[in-house]
Structures are given as structure tokens and as C-alpha cells.
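User: I'm new to this one and would like a quick tour. Could you show it to me first?

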Amino acid sequence: MVFLKKCWDWCVKHWKLLLISIGSFIAFFIGYQRASRNTQRVKLELDVANKDKELLEENNEAFHNATVKQIKEYEAEKANMHKKKIKSLTDIELKKEEDKKDILSSDEKLNKILEDKWGLKNESK
């Protein structure tokens, strides 16, 4: 009881100091909580930013790989079509030469072609 009486007397005597101490403690406590919340918010934002960066890098890599794959497939198909075109042209040339030889070797076919296309009739008949 004597101790409480001495504490009360000291508080009454130094009430300004006590009021400033209580105010400082409250300000410190509120500031600490706000700083803690801001720290947590900053950490969360940093985590989200890092995840976004990783996701962006993954998407960029996937897009690059898909683009390279498509270009390679396009080039392969283009080369394949070019080979087919050359083969087709050579086949047509060979057929043309065969048909030419066949037509020139056969008088009846030549006369029929001249008659059908050009309207020319064979006078030797």
C-alpha cells in the first residue's frame, strides 16, 4: 500500500512527464503498427511483381519457341512444295516431249489436230 501511495504521489508531481510518456508510447505503438502493415504490403507487392516477371519471362520464352517452330515448319513446307513444283514441271516437260513425238509420228493424229484446232483439212486425200 505504501508503494502505491508513493507511485501516486510521483504521478501527481510529474504529471506532465507522465502525459508526454503515455502520448509518446501511443504514437510509437500506432506508428509501429502502420509501419508493420506497410512493410507487409510492400513485401506482398514485391512477391506479386516477381511472380509477374517470372510469368512474363515464361510466356515470352514459350512465344519465342513457338515462333521458331512455326518458321522452321514453314521453311520445310516451302522447300517441299518447291521440290514438288520442280518434279511436276519436269514431268510435264517429259509428257510434252512424248506427246510431241507421238503426234509427229502419227499422220492421222496430226491431221485430226490440225482439223480440230485450226480448221485445216488434209488436201492429199
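Here is a short run of questions and answers about this structure.

Analyst: A quick note before we start: this is a predicted model, where local features need pLDDT of at least 70, side-chain atom pairs count only at pLDDT 80 or more, and totals for chains, interfaces and linings use all residues. Residues are numbered from 1 along each chain as its sequence is written, and side-chain values use heavy atoms, with hydrogens and water left out.

User: How many residues of helix α1 are buried?

Analyst: Helix α1 covers residues 2-13, helices being DSSP runs of H or I with at least four residues, numbered from the N terminus. Buried means under 20% relative accessible area, exposed means over 50%, and partly exposed is in between (1.4 Å probe, protein chains only). Helix α1 lies largely in the open, because the number of buried residues among its 12 is zero.

User: What is the salt-bridge partner of Lys-5?

Analyst: A salt bridge here is a side-chain nitrogen of Lys or Arg within 4 Å of a carboxyl oxygen of Asp or Glu. Lys-5 and its partner both sit in helix α1, four residues apart, about one turn of the helix. The closest N and O atoms are 3.7 Å apart, and the partner is Asp-9.

User: How far apart are the closest N and O atoms of Lys-87 and Asp-91?

Analyst: Lys-87 and Asp-91 are four residues apart in helix α2, so about one helical turn separates them. Lys-87 counts as exposed because its relative accessibility is 55%, while Asp-91, at 37%, counts as partly exposed. They form a salt bridge, and the closest N and O atoms are apart by 3.4 Å.

User: Which residue forms a salt bridge with Lys-95?

Analyst: Lys-95 and its partner are also in helix α2, four residues apart, so about one helical turn lies between them. Their closest N and O atoms are 3.3 Å apart, and the partner is Asp-99.

User: What is the accessible area of the nonpolar patch that includes Ile-26?

Analyst: Ile-26 lies in helix α2 (residues 15-105) and counts as partly exposed because its relative accessibility is 46%. Nonpolar patches join side chains of Val, Leu, Ile, Met, Phe, Trp or Tyr within 5 Å, using residues with over 30% relative accessible area and no salt bridge. Accessible areas come from the Shrake-Rupley method with a 1.4 Å probe, and for residues only the protein chains shown count as cover. Ile-22, Phe-25, Ile-26, Phe-29 and Ile-30 make up this surface patch, with a joint accessible area of about 490 Å².

Terms used. Patches are made of residues with over 30% relative accessible area and no salt bridge: like charges are joined within 9 Å, nonpolar side chains (Val, Leu, Ile, Met, Phe, Trp, Tyr) within 5 Å. Helices (H or I, at least four residues) and strands (E, at least two) are DSSP runs, numbered from the N terminus. The expected span of a helix is 1.5 Å times one less than its number of residues.
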